[in-house]
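I sat down with this one to look up how the strands pair, what fills the core and where the salt bridges sit. My notes follow in the order I checked things.

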Amino acid sequence: MPSKIVSSHPTAVTVASRRRNARHLITSLIIDNDNGGADRTIRIQDVFTPGESNLVSSPTEQTVDRLRVDVLQGDVMSLSEEDLKGIECLGAIKVIGDAIDASCYVTVGYRPE
């Protein structure tokens, strides 16, 4: 199961690229704000382009928040596969924080299907 560690940043950071005709299931999430500079809000985003339909012949890229977590300064939050059940990304997985904080680490585990 792949995973990637990124730090909090207000610009979305890619954890996993989109894959044609596949999705990503989020299997674990650890947010280590033990040495962070302040309380942080971390969001997991799904970036995808829907298929064509009768109503939309040229769909545009969509960005959807799949999870939002508030983590206190000095805290470490760990969510397991059971906690994250049902959270999946149809396209790329991106992580975005409310501020730049090189000491707030976000580890996302995922499984492509």
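Before listing neighbors I fixed the term: contact means heavy atoms within 4.5 Å. I also kept in mind that this is a predicted model.

**Entry 1: V108 and the core**

I started with V108 and left out residues up to four places away in sequence. V108 touches P2, S3, K4, V15, I26, S28, L29, I44, I93 and V95.

Next I pulled up the largest nonpolar core, which has 21 residues. Which of them touch the most other members? I got L29, I44, I93 and V108. I then looked at where the core residues come from: strand 2 (13–16), strand 3, strand 4 (40–48), strand 5 (62–71), strand 8 and strand 9 each supply at least two. Strand 9 gives the largest share, four residues. A general reminder to myself: in soluble globular proteins, nonpolar side chains tend to be buried together.

**Entry 2: the open sheet**

I traced an open sheet of four strands, in the order 2-8-4-5, with antiparallel pairing. Strand 2 and strand 5 are the edge strands, each pairing on one side only. I noted an average twist of 30° from one strand to the next.

Inside this sheet I checked strand 4 against strand 5: nine bridges join them, and they run antiparallel. I42 stands opposite V69 of strand 5.

Then I looked at K94, which lies in strand 8 (residues 92–97). Again skipping residues up to four places away in sequence, I found K94 touching A12, V13, T14, V15, R43, I44, Q45 and V47. How far apart are K94 and A12 in sequence and in space? They are 82 residues apart along the chain, yet their C-alpha atoms are 5.7 Å apart.

**Entry 3: partners of strand 3**

I went through the pairings of strand 3 (residues 24–32) one by one.

- With strand 9 (residues 101–112), strand 3 shares eight bridges and runs antiparallel; I30 has T107 as its bridge partner there.
- With strand 6 (residues 76–79), I counted four bridges, also in the antiparallel sense; L29 stands opposite L79.
- With strand 7 (residues 88–89), the antiparallel pairing runs over two bridges; H24 stands opposite C89.

I noticed L29 twice, here across from L79 and earlier among the core residues that touch the most other members.

**Entry 4: salt bridges**

How many salt bridges does a search of the whole structure find? It finds nine, and I wrote up three.

The side chains of R23 and E113 meet at 2.8 Å, N to O. That pair links distant parts of the chain, 90 residues apart: R23 is in the loop between strand 2 and strand 3, and E113 is in the segment after strand 9. R23 is partly exposed at 30% relative accessible area, and E113 is partly exposed too, at 43%.

R40 pairs with D98, and the closest N and O atoms are 3.6 Å apart. This is another link between distant parts, 58 residues apart, with R40 in strand 4 and D98 in the loop between strand 8 and strand 9. Is R40 buried or exposed? R40 has a relative accessible area of 10%, so I put it down as buried, whereas D98 counts as partly exposed at 43%.

R111 forms a salt bridge with E113, closest N to O 3.7 Å. R111 is partly exposed, at 32%. Through shared partners, salt bridges join R23, E81, E88, R111 and E113 into one network.

Conventions. Residues numbered from 1 in each chain as written. Predicted model: local features only at pLDDT ≥ 70, side-chain atom pairs only at ≥ 80, totals over all residues. Heavy atoms only, no water. Pairing = 2+ DSSP bridges. Core = buried A, V, L, I, M, F, W, Y, C linked by side-chain atoms within 4.5 Å. Buried < 20%, exposed > 50% of the residue type's maximum accessible area, 1.4 Å probe, protein only. Axes fitted to C-alpha atoms, helices over the stretch in contact; angles between N-to-C directions. Salt bridge = Lys/Arg side-chain N within 4 Å of Asp/Glu carboxyl O.
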